[in-house]
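Visitor: Could you take me through one part of this model at close range? I would like to see how a strand at the start of the chain fits into its surroundings.

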Amino acid sequence: MDYFVHETSVIDHPCEIGKGSKVWHFCHIMAGAHIGENCNLGQNVMIGSGVRIGDRVKIQNNVSIYKGVEVEDDVFIGPSAVFTNVINPRSFIERKDEFRQTLLKKGSTIGANSTIVCGVEIGEYALIGAGSTVTKDVKPYALVMGVPARQTGWVSKNGQKLEFDEKGIAICPATGEKYHLADRKVEQED
């Protein structure tokens, strides 16, 4: 094996676990799951059947990712984050044909104890504050927080808050990268 699985974890085959990935204590990877390269799954993580996890993803302790959720490369999911896949669950009604897709785009961050309601897209490099409840799509580079989550600003790829000038230009204080804001959209400039 070119990946690590702790002896207390359960791996249902067939599934794919990429080179260099680490699956820590008490995890469960279900058959049909795909985990990319160099991922890190903390204690008590469950990856459902049909879930696709990109490369270099970090999933902290006590997170379950169910069918219908897709995680692109370089995503960070904080401890005890919650994902749903049905909008109106009932224990006595089977709604597996009603799963709503949720997409976490490249480089996004989901804060600890956040809830992501199914059917949303979290944009590239967006940052969801700890304890937030996301009920609608989040734009790339957006900073959202609260219950329900509301946009409070913008962040760089590095996760630093961006302050835009009157021309719509911001410089990341950590990296010096330049960003442009126009029509409520942020793009990194070359």
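Guide: Happily! In this predicted model, strand E1 pairs with strand E4, residues 22–23, in the parallel sense, and two bridges join them. Within that pair, Phe-4 of the protein chain stands opposite Lys-22 in E4.

Now let's follow the sheet onward. E1 and E4 belong to an open sheet of nine strands, ordered E1-E4-E7-E10-E13-E16-E19-E21-E22, and the pairing across the sheet is mixed. Strand E1 (4–5) is at one edge and strand E22 (150–154) is at the other; each has a single partner strand, so one side of each is left without a neighbour in the sheet.

It helps to set this against the whole protein chain, which has 25 strands and zero helices. Its C-alpha atoms fill a box of roughly 55 × 40 × 20 Å along the principal axes. The radius of gyration is 17 Å, which agrees with the value near 16 Å for a compact globule of 190 residues. Among contacts between residues at least 6 apart in sequence, 15% join residues at least 24 apart.

As for burial and surface, 41% of the 190 residues are buried. The accessible surface comes to about 10,100 Å², and carbon and sulfur atoms account for 47% of that. Finally, the chain carries 21 positive and 24 negative charges, whose mean positions are 5 Å apart.

Methods:
Residues are numbered from 1 along each chain as its sequence is written. This is a predicted model: local features need pLDDT of at least 70, side-chain atom pairs count only at pLDDT 80 or more; totals for chains, interfaces and linings use all residues. Side-chain values use heavy atoms; hydrogens and water are left out. Helices (H or I, at least four residues) and strands (E, at least two) are DSSP runs, numbered from the N terminus. The radius of gyration is taken over C-alpha atoms; the globule rule is 2.2 Å times the number of residues to the power 0.38. Buried means under 20% relative accessible area, exposed over 50%, partly exposed in between (1.4 Å probe, protein chains only). Contact means heavy atoms within 4.5 Å. Accessible areas come from the Shrake-Rupley method with a 1.4 Å probe; for residues, only the protein chains shown count as cover. Lys and Arg count as positive and Asp and Glu as negative; His and the chain ends are not counted. The place of a charge is taken as NZ of Lys, CZ of Arg, CG of Asp or CD of Glu. Two strands pair if DSSP finds at least two bridges between them.
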